[in-house]
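Okay, thanks for coming, everyone. I'd like to walk you through one model today, so let's put it up on the screen.

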Amino acid sequence: MGRRHTRGGTVTVVGNGPVGQTTALLLARWGIPVTLLDGRAERDPIGSKAICQQRDVLEVWDAIGVGRQLADEGVTWGCARTFHRDHELFAQTFVDRGISSFPPFVNISQARTEELLDEQIARSSLIDVRWGHEVTSVDQDESGVTITCRTDSGARVIASDYAVVAVGSRGSALRQQLGVTFDGRSFDDKFLICDIAADIPGWADERRFYFDPEWNPGRQVLIHPCPDSTFRIDWQVPGDYDLAAEERSGALDARIRKIIGDTDYRIVWKSVYRFHSRVADRMRVDRVLLAGDAAHIVSPFGARGLNSGVADAENAAWKLAFVLRGWADESLLETYHTERHAAAVENIAVTTATMDFLVPQSEDQHRHRREVLTAAVTDSQARAQVDSGRLAEPFWYIESSLTTYDPGRPFSGRPDRGCTPAAAPGILVPDTPVTLRGGGGTRLREIARRGILLLVGDDVSVDDIRAAALDAVHTPIRLVRLSEIDSIGVLTAALGAKPGEVWVIRPDAYIAAVTDTVDGLVSALRRLNGSGSPATPVSSASAVRDPDPVFGAAVRAEVSVDRVGGPR
Ligand SMILES: Cc1cc2nc3c(=O)[nH]c(=O)nc-3n(C[C@H](O)[C@H](O)[C@H](O)COP(=O)(O)OP(=O)(O)OC[C@H]3O[C@@H](n4cnc5c(N)ncnc54)[C@H](O)[C@@H]3O)c2cc1C
């Protein structure tokens, strides 16, 4: 079923929000033509919304040409300060096991992120954007997906091989049609957001979280710096909070003044919203994948919404590309569900624990919160229990069927806040600068994202590895001597790599396996194509559209490359 590309090797992405945009760009990067549909008439950017983008997500966006600009335009911060009333409880910083080219977090409005993604989409000849296409049904059979849209000029039908549904949290009609549930809970308390433009120099490069400040007793306030001297302030407010009434009475101005004093300010955007915490029971229904808020919604404390949606997009894109280009069996798509659903469930667990602390639902939870916050002023053990949101971090695919467990590198569990686990199968490979032959420099994750990457130790026979790898799978593979690209030894140290090892890195820069035998390499590679055996390569032009002229030429000259054909 997987390799009969009767519909031109194409994907329809439903929903032109940030997750749909990112999915479309990543698919196009792999040479896959995409139709990108949205029910709105055009882009109508509203407010800051998802402002806080995590380092590994910026790197995904870097692969599609927007990460660097987002980081440059956004506000960089590397310190999250948490207060109880007027005591500072702790300041969290973030550990990088490699030497990333991006800061831990960058704040920028979702509207600007979408605008930059739109600019990249406009440059792509492979993405056909259609606004005013409200999808009313998604049908599928063995030959592909048929999508029906409502447009101003009547119903339209669009056919493709696969579809990614990224319609946001309001996608209940499509979820129901697909037979997908969206269970979870909603919270009674509301949150008031105001983006204010004001000159407050002391707040410019840190996130501040206040429990029970005197200006919002019993509840909390979160303050984030944003570009253009704008600050995003979130107040927890009661369920019957009335923004319009506060504006009329002048209470909104008084609320803001309690925090910023006499400083001049201007409200750029304001909104009141409730939190929901829900997850779809299936993220893959045969040829249709659900991504982003369509598949999971969480409270924004921890910035796990859009950040995890981008991780969905990357996971979906490389797997769809591998299947469409005939490099992997269709069963690889099932690992999209298993990996990303597990990530969504973890995000729900983490954010639910946060919400239980922030918005206690029972008398026990209220007492716990009071006791912890009071003790935390003087007691470091109590401080560790203060939960103002565990900030977004990648999900670790330790238990994925694509990961080869290494007993020598066991996963010791979720690390402390702000830390990254040691390099091991299932963990994102640390990013470091690498030096290519001829003196050119680039980054490890940059070359990892172009296919499967094999990092080979000095004691390993490259000829043996090359022959075995080429025989095992038909994917783009790059084989690189670790010592050749790691002239300063920082990567070897970050990995803890031994000279007899081969490190297998996935196209989304996760470590799939570490092995010291040829047999081990072969089974790890076969596991990565989802079926344990090599897929039959597709020879048709539709499966391999443009064999990567730019990257192929550059890399052939500089590192050992055995098979090219990966993304542009
Ligand atoms: C007030 C507010 C504040 C927020 N603050 C934060 C925050 O601080 N941090 C955070 O991480 N997240 C925050 N979020 C959530 C964040 O905005 C979402 O996680 C993010 O937008 C998800 O992106 P998405 O692409 O999955 O969905 P969306 O952005 O919702 O995009 C879905 C797209 O699908 C289109 N669509 C829907 N149905 C159809 C259909 N049937 N046919 C065709 N097109 C369709 C829609 O028009 C839309 O363009 C906030 C959201 C709101 C509303």
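**A walk through the model**

Let's start with one pair: I223 has I233, in β16, as its bridge partner. Before I go on, a word on where this comes from: it's a predicted model, so local features need pLDDT of at least 70 and side-chain atom pairs count only at pLDDT 80 or more, while totals for chains, interfaces and linings use all residues. Residues are numbered from 1 along each chain as its sequence is written, and side-chain values use heavy atoms, with hydrogens and water left out.

pLDDT, by the way, is the predictor's confidence in each residue, from 0 to 100. For the protein chain the mean is 89, and 92% of the residues reach 70 or more. The stretch to treat separately is residues 535-564, where pLDDT stays under 50. For that stretch the model has 64 contacts beyond four places in sequence, a contact being heavy atoms within 4.5 Å.

Right, back to that strand. When I say helix or strand, I mean DSSP runs, numbered from the N terminus: H or I over at least four residues for helices, E over at least two for strands. And two strands pair if DSSP finds at least two bridges between them. β15 (residues 220-226) is joined to β16 by six bridges, and the two run antiparallel. Their hairpin has three residues between the strands, and D228 takes a positive phi near 60 degrees there. β16 also pairs with β13 (residues 182-198), through eight bridges and again antiparallel. In that pairing, L192 has W235 of β16 as its bridge partner.

So how many residues of β16 are buried? Eight of the eight, over residues 230-237, so β16 is largely enclosed by the rest of the structure. Buried here means under 20% relative accessible area, exposed means over 50%, and partly exposed is in between, using a 1.4 Å probe and protein chains only. Look at how the side chains split: T230, R232, D234 and Q236 point one way, F231, I233, W235 and V237 the other way, and all are buried.

Next, a sheet with three strands. It's open, in the order β9-β10-β11, with antiparallel pairing. β9 and β11 (154-160) are the edge strands, each pairing on one side only. Neighbouring strands are turned by 20 degrees against each other on average, direction ignored; for angles, axes are lines fitted to C-alpha atoms, for helices over the stretch in contact, and angles run from 0 to 180 degrees between N-to-C directions. β9 (residues 134-141) and β10 (residues 144-151) are joined by seven bridges, and a hairpin connects them through two residues. If you want landmarks, V135 partners C149 in β10, and I147 partners I158 in β11.

There's another open sheet of three strands, in the order β3-β7-β4, also antiparallel in its pairing. Its edge strands are β3 (52-54) and β4 (75-77). The twist averages 30 degrees from one strand to the next. Helix α2 (residues 55-63) packs on this sheet, touching β3 and β7, and its direction makes about 80 degrees with that of β3.

On to helix α4 (residues 110-123), where we find Q110. Buried or exposed, do you think? Q110 has 10% relative accessibility, so it counts as buried. Its side chain reaches the backbone nitrogen of A50 at 2.9 Å. Leaving aside residues up to four places away in sequence, Q110 touches P18, G47, S48, K49 and A50. R112 is in α4 too, and by that same rule it touches Q69, E73 and E119.

Last stop, helix α13 (residues 462-472). Its buried residues are V462, I465, A468, A469 and A472. They cover an arc of only 140 degrees around the axis, which puts them on the same side of α13; the arc is taken from the directions from the helix axis to the C-beta atoms. The general rule is that an α-helix has 3.6 residues a turn, so residues three or four places apart point the same way. What does the buried side pack against? β23 (452-456), β24 (477-481), β25 (502-505) and α16 (518-528). On the face turned away from it, you'll find the exposed residues D463 and D471.

That's my tour, so over to you.

Key
Polar contact = N/O pair within 3.5 Å; in protein donor to acceptor, adjacent residues only side chain to side chain.
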